[in-house]
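Visitor: Could you pick one spot inside this model and take me through it slowly? I'd like the full picture of that one place rather than a quick tour.

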Amino acid sequence: MAARVNGLHHVTSGVWGAQEDIDFFTQVVGQRMIKQTILFDGTVSFYHLYYANADAEIGSVSTTFPFSRMGISGRRGSGQINTTGYSVPHGSIPFWKDHLKRHNTEIVGEGERFGQKTLHFRHPAGLDFEMIEDKDDKTKGWTTKDIKADAAVRGFHSVAMSVRDIEEQDRFLTEGLGLEKVGIDGNYHRYRINEGGAQKTVDLVHVPDQKQGSWQFAPGIVHHVAFAVPTEKEQMEVKLHLEGLGYTDVSEIKDRNYFHSIYCRSPGGILCEVATCDIGFAIDEPKEHLGEKLLLPPWFEPRRAEIEAQLETIKVPQGAMAQ
Ligand SMILES: [Fe+2]
């Protein structure tokens, strides 16, 4: 049976300062800045920054909310996306180790999981990422003056969800979203979306003794992961299917300007979004100039001056936008 979602869409996190986040994603991870907009929820304005691969593809999009003005810190724990994995070319981990050291980025460790080499490193806000060597991923990475095509990040490899119990999260992933369990490696339980591989893999990390992490918006934690569906038609089918299974807290469809979204709190605590792919990031600026200036959706535009006054001044480094 085909999965009800096609792959990963984006991963959204809270961070501290906007500038250190931009520098991390564009200079350290080597992603392209593809959108500057704001958080659409709530009453206070925060940036919403988007980073992706060369073609701004779904399945490569990290988005962040710089929340330093909140003055609070999110608690890491179970019920969260524990680590976001990026797919990198086979044999590129030695480059990444040197590159991360040159940028004074914290390297947490190195290892191997499900036969693939991994390098675990940390965003300045405390978020955990991994480079995972994947020889089968042919997605086109974004290159910078320091990061060439033979090492460039191609997109997501997978996300790892930390859960105290496997069973109910397994049910949600398999019966709810149609994923298939493929194996266990240590305390990692792997699921694939259709054929699996990069952008189509979810891991559950079994952490029975870990305290619950924060669910709110806050710096230092992932807020949610989004899965991709082609259009609102498939999105509504997922919503009705989940509600029919008893997951009745699926949200209404929200207009995120670049995609439409529904959200559901999964049994392990992780907020899962299902987002459409048929609108895209070129709706309000040309593909070759993505991410160069602050864009607001039409319903926020009348408040632009008031919103801009609440935001930090940022500088996007040379080479982080279209080349
Ligand atoms: Fe999202």
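Guide: Let's stay with one cavity and what surrounds it. What you have here is a predicted model, where local features need pLDDT of at least 70 and side-chain atom pairs count only at pLDDT 80 or more, while totals for chains, interfaces and linings use all residues. Residues are numbered from 1 along each chain as its sequence is written, and side-chain values use heavy atoms, with hydrogens and water left out.

Searching the whole structure turns up four cavities of 30 Å³ or more (a cavity being a set of points on a 1 Å grid over the protein atoms alone where a 1.4 Å probe fits but cannot get out). Ours is the largest of them, at about 70 Å³, a volume being the space filled by probe spheres set on the points.

So who's around it? The lining (residues with an atom within 4 Å of a point) comes to 14 residues. Nearest the centre you'll find Gly79, Val222, His223, Arg265 and Leu271.

Strands help build this wall: strand 5 (80-88) and strand 13 (222-229) each put in at least two lining residues (strands are DSSP runs of E, at least two residues, numbered from the N terminus). Strand 13 has the largest share, with three residues.

As for chemistry, the lining splits into six nonpolar, seven polar and one charged residues (Ala, Val, Leu, Ile, Met, Phe, Trp, Tyr, Cys and Pro count as nonpolar, Asp, Glu, Lys and Arg as charged, the others, Gly among them, as polar).

Note on methods:
1 Å grid on protein atoms, 1.4 Å probe; cavity = no way out; pocket = protein on both sides within 12 Å on 5 of 7 lines; lining within 4 Å. Helix = DSSP H or I, 4+ residues; strand = E, 2+ residues; numbered from the N terminus.
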